[in-house]
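Student: I would like to work through this structure with you, one question at a time. Please keep the reasoning short.

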Amino acid sequence: MAQPDRPEGRPLVLAGYAVAFAAAAVLFGFDRTLGVVAGALNVVFGIYFCRHLAFAVAAARWAERDLLAADVGLDTYTPPVAVLVGCKNEELVVDGMVSALLALDYPADRLTLVVVDDGSDDATGPKLDAWAAQEPRLRVLHRAPGAGGGKSGALNEALGLVDAEIVLVFDADHEPEPSSLRRLVRHFRDPVVGAVMGRCVIRNGKDSTMAGTVFVDYLSGYLVNEYGRQALFELPAYGGANCAVRMSTLRALGGWNPETVTEDTDLTLRVLMAGQRVRYDVSAIDFEEAVVSAQRFWKQRYRWARGHQKCLRDYWWPLMRTPYLSPVEKVETSLFLAVYHVPMLSGLGLLLTVLRAFGVGDLPVIGLLPLSMLLFIGPLAELCVGLLVGRVERRSAWRLLGFLPAFALSIWITSRAYVDGMLGRPYSWVKTTRSGATSTVRPAAHVPVAAPVTAVPATAPAGTRPRSFAVPSAEER
């Protein structure tokens, strides 16, 4: 079930919005038209506020208990598994990633590790070859520069090298806990499960203010938002890394879609429309690297917004027609798809507030209050619960202040992505730049000379992997 060929842009729709607003302003008056827009925004923000609050309550009530739940079914189901990783110019992080993959706790005769060098022009290829020369469990596939398809193209090409029941995907900067593979795979005993997502934790939250902000954002996203979608609707998303998908499902869907820059959201929707489900395992933990600068944040979130918004345009109507989702599930899926439009609408709401302050728009103040309240209180509730469930030190609460500039930046990013997408401006997959400053694994005795591993700081206790990187650990203090 490959994605049908659809045009990227909708310029006539974008022009229609402008014409409709201008016509309404002429027929009903500018102030009244702004009042209707503000009322519509209040409805949208009210719905998202209730959604945020429901997720926060669910996480506060049950998430911590699930994190500490018994290890059920870790040893009783071990089907053949293939782990795939795409790498493009990842010399700074590839050693930590390979070390973590080799440490995965799974029967060696049922595990295949494939790392794709996707046309790298740095030391990624030689490092991978050095690892493969000493580790028979590791296969390295070299793609020619310009092979195309981005991450999806690399993963699809790797599929030809494996014969397994389950496929796991990690990004090059990810370092999974040894038990994460077993925790993800156990869910596939249920035949209705087509894909499973694990929880990602930022490991370099102390590297910069931006990395610390992303650390808190991930606590909210994984411990609250995705947990809430699983607990309340059983509709979490396949996240693209630290995720597993059933091989038969993946092949039936035609693999990953190379025409999208967010192959994870795309696959999530196609799995649902095929009549299967995605599960979320909050205990399957994987450590990844956050962006450390506003420029890298822009590039990463622009790609996410551009791809996510395109998925809404491409899949909303087929999802509304699928017989595999209930009406409530279709509403929740629509809200999930529209999530990268909300910051853009938030910017419009703030603009209406500013206009009203200067006397533009005949709107009562009480009519605009929900705009400002609902814009922030719902997401703030998720962020706060994420900090509590994640058991982050109290002084990390100050990192919430970092979300004010990050929120403003997100408004601009999503707005720009929306306009570019609707106009059909070309865009291809762009990798996130890594720093490689922090790792959760220690060098092994058999590390190839050509591929030194970046160790964790010497203050970390031997044999342990830190749970939080936002603040110094007790040993460091």
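Student: Is Asp-217 buried, partly exposed or exposed?
Tutor: This is a predicted model, and the accessibility is computed from it. The relative accessible area of Asp-217 is 24%. Buried would need a value under 20%, and exposed one over 50%. Asp-217 is therefore partly exposed.

Student: Which residue forms a salt bridge with Asp-217?
Tutor: The closest N and O atoms of the pair are 3.3 Å apart. A salt bridge needs a Lys or Arg side-chain nitrogen within 4 Å of a carboxyl oxygen. The partner of Asp-217 is Arg-301.

Student: How many residues separate Arg-301 and Asp-217 in sequence?
Tutor: Arg-301 sits in helix H10, and Asp-217 in helix H7. Arg-301 is buried, at 11% relative accessible area. The pair links distant parts of the chain, and the separation is 84 residues.

Student: How many salt bridges does a search of the whole structure find?
Tutor: Arg-301 with Asp-217 is one salt bridge. Arg-10, Lys-310 and Asp-314 are linked in a network of them. For the whole structure, the search gives 25.

Student: Which helices hold Arg-51 and Glu-332?
Tutor: The side chains of Arg-51 and Glu-332 meet in a salt bridge, 2.8 Å from N to O. Arg-51 and Glu-332 are 281 residues apart in sequence, so their pair ties together distant parts of the chain. Both residues are buried. Arg-51 lies in helix H2 and Glu-332 in helix H11.

Student: What is the N to O distance between Glu-289 and Arg-203?
Tutor: Glu-289 is in the loop between strand E8 and H10, while Arg-203 is in the loop between strand E6 and helix H7. These parts are 86 residues apart in sequence. Both residues are buried. Their side chains meet in a salt bridge, with an N to O distance of 4.0 Å.

Student: Which side chain of opposite charge is nearest to Asp-264?
Tutor: Asp-264 lies in helix H9. Its contacts include Tyr-238, Gly-239 and Gly-240, not counting residues up to four places away in sequence. Asp-264 is buried yet has no salt bridge. At 6.2 Å, the nearest side chain of opposite charge is Lys-151.

Student: Lys-151 is in H5. Why is H5 described as largely enclosed by the rest of the structure?
Tutor: Helix H5 runs over residues 150-159. Among its buried residues are Gly-150, Lys-151, Leu-155 and Leu-159. H5 is largely enclosed because the buried residues number eight of the ten.

Student: Which strands do the buried residues of H5 pack against?
Tutor: Packing here rests on contacts, with heavy atoms within 4.5 Å. The buried residues of H5 pack against two helices, H8 and H9. They also pack against strands E1, E2, E3 and E4.

Student: Now the rings. Why is the pair of Tyr-302 and Tyr-427 edge-to-face?
Tutor: A search of the whole structure finds seven aromatic pairs. In this one, the ring centres are 5.2 Å apart. The planes meet at 75°, and an angle over 60 degrees counts as edge-to-face. So the deciding value is the angle, 75°.

Student: Which of Tyr-302 and Tyr-427 is buried, and which partly exposed?
Tutor: Tyr-302 lies in helix H10, whereas Tyr-427 is in the segment after helix H14. The relative accessible area is 9% for Tyr-302 and 28% for Tyr-427. The cut-off for buried is under 20%. Tyr-302 is therefore buried, and Tyr-427 partly exposed.

Student: Which residues join Tyr-302 and Tyr-427 in one aromatic cluster?
Tutor: The two tyrosines are an aromatic pair. Their cluster also takes in two tryptophans. These are Trp-298 and Trp-412.

Student: Is Trp-317 buried or exposed?
Tutor: Trp-317 forms a tilted pair with Trp-316, with 6.1 Å between centres and 35° between planes. Trp-316 counts as partly exposed, at 36%. Trp-317 has a relative accessible area of 52%, and the cut-off is over 50%, so Trp-317 is exposed.

Student: Which residue lies over the face of Phe-336?
Tutor: Here a charge sits over a ring. The distance to the ring centre is 4.2 Å. The residue is Arg-229.

Methods:
Residues numbered from 1 in each chain as written. Predicted model: local features only at pLDDT ≥ 70, side-chain atom pairs only at ≥ 80, totals over all residues. Heavy atoms only, no water. Phe/Tyr/Trp six-rings, centres within 6.5 Å; stacked < 30°, edge-to-face > 60°. Helix = DSSP H or I, 4+ residues; strand = E, 2+ residues; numbered from the N terminus. Buried < 20%, exposed > 50% of the residue type's maximum accessible area, 1.4 Å probe, protein only. Lys NZ or Arg CZ within 6 Å of the ring centre and 35° of its normal. Lys, Arg positive; Asp, Glu negative; His and termini not counted.
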